[in-house]
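Biologist: Could you take me on a close look at one part of this model, the nonpolar core and the helices around it? I would enjoy one connected walk through it.

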Amino acid sequence: METTKLEPDRHAPGGEGEGGAGGADAPEGGPAALLRPTREALAARRARRLPRWKRLLQPGAAGRTAWIRLEADAQAERLGRRTPGTEHVLLALLALHEVARQEPESVPEADAGELLADLGVDYARAHAALDAGEVTLPADPRSVEAYLSGGAADGGAEALLRVLLAEDTRARRLAEALRS
């Protein structure tokens, strides 16, 4: 009997849908496969983590939003964008939240995802909507850098999310589209 090997899912970097929260039974391209790169990146960052005394010497805001920025960059890249928009920051917050639900000790600043979950927005639906181009998104009023280095970032991920949802950003438009 001849067997054929399935091609890797283009939406899940790294290929097949095994591993992660869903294990070997997870469907290809499912939420577990989509979150695998985030989980692996967080594990690699934890392995290279600086000693506590060196982290304390880093500027507060840069340290608090560094995880979010790195994940937003990765989310944009996975969706074929060179530079992230606020919609990628939203995806990053959702991804970090979902990984933190499965591995609570692994992710700092994952509290903002709880607010999004309360609004009925989840990572798999947000990623699918962006990938399919289902939502029309206008230009952001400010750059992602302005949001991540601004005063909102000083308050952590939840304060950053509140600013993204208060202004007419691509993140807000995506969240509104997914709520309806």
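Modeller: Gladly; what follows goes from the whole chain to the core, and then to the helices around it.

A word on the source: this is a predicted model, in which local features need pLDDT of at least 70 and side-chain atom pairs count only at pLDDT 80 or more, while totals for chains, interfaces and linings use all residues. Residues are numbered from 1 along each chain as its sequence is written, and side-chain values use heavy atoms, with hydrogens and water left out.

The protein chain has 10 helices and 0 strands, where helices (H or I, at least four residues) and strands (E, at least two) are DSSP runs numbered from the N terminus. Of its 180 residues, 42% count as buried; buried means under 20% relative accessible area, exposed over 50% and partly exposed in between, with a 1.4 Å probe and protein chains only. Among contacts (heavy atoms within 4.5 Å) between residues at least 6 apart in sequence, 61% join residues at least 24 apart.

Now to the core itself. The largest nonpolar core holds 37 residues, of which Ile68, Val89, Leu93, Leu116 and Leu174 touch the most other members. Such a core is a set of buried Ala, Val, Leu, Ile, Met, Phe, Trp, Tyr and Cys residues joined through side-chain atoms within 4.5 Å. Two or more residues come from each of α1 (31–47), α3 (60–78), α4 (86–102), α5 (112–118), α6, α7 (144–149), α9 and α10 (170–179). Helix α4 gives the most, with 9 residues. Ile68 touches Val89, Ala92, Leu93, Leu96, Leu148, Ala157 and Leu160, leaving aside residues up to four places away in sequence.

Polar residues are buried here as well. Glutamate 71 belongs to helix α3 and counts as buried because its relative accessibility is 0%. Its side chain makes a polar contact of 3.4 Å with the side chain of arginine 78. A polar contact is a pair of N or O atoms within 3.5 Å; within protein, one must be able to donate a hydrogen and the other to accept it, and residues adjacent in sequence count only if both atoms are side-chain atoms.

Helix α4 has two residues to pause at. Threonine 86 lies in α4 and, at 0% relative accessibility, counts as buried. A polar atom of its side chain lies 3.2 Å from the backbone nitrogen of arginine 170. Not counting residues up to four places away in sequence, threonine 86 touches Asp140, Val144, Tyr147, Leu164, Thr169, Arg170 and Ala171. Valine 99, also in α4, is buried at 0% relative accessibility. From valine 99 to threonine 38 the C-alpha distance is 7.6 Å, although they are 61 residues apart in sequence.

Arginine 170 leads us to α10, whose buried residues are Arg170, Ala171, Leu174, Ala175 and Leu178. Seen down the axis, these residues fall within an arc of 135°, so they line one face of α10; the arc is that of the directions from the helix axis to the C-beta atoms. The buried residues of α10 pack against α4, α6 and α9.

Let us follow that packing to α9 (residues 157–166), where Ala157, Leu160, Leu161, Leu164 and Leu165 are buried. They fall within an arc of 130° around the axis of α9, so they too line one face of the helix. Leucine 160, in α9, is buried with a relative accessible area of 0%. The C-alpha atoms of leucine 160 and serine 149, 11 residues apart along the chain, are separated by 9.9 Å.

The other partner to visit is α6 (residues 123–132), with Tyr123, Ala126, His127, Ala129 and Leu130 buried. Because they cover an arc of only 165° around the axis, they are on the same side of α6. At the start of α6, a side-chain oxygen of aspartate 122 comes within 3.2 Å of the backbone nitrogen of alanine 124. Just after α6, glycine 133 has a positive phi of about 70°.

One last stop concerns tyrosine 147, which touches threonine 86. The charged end of arginine 142 sits over the ring of tyrosine 147, 4.2 Å from its centre; this counts if NZ of Lys or CZ of Arg is within 6 Å of the ring centre and within 35 degrees of the ring normal.
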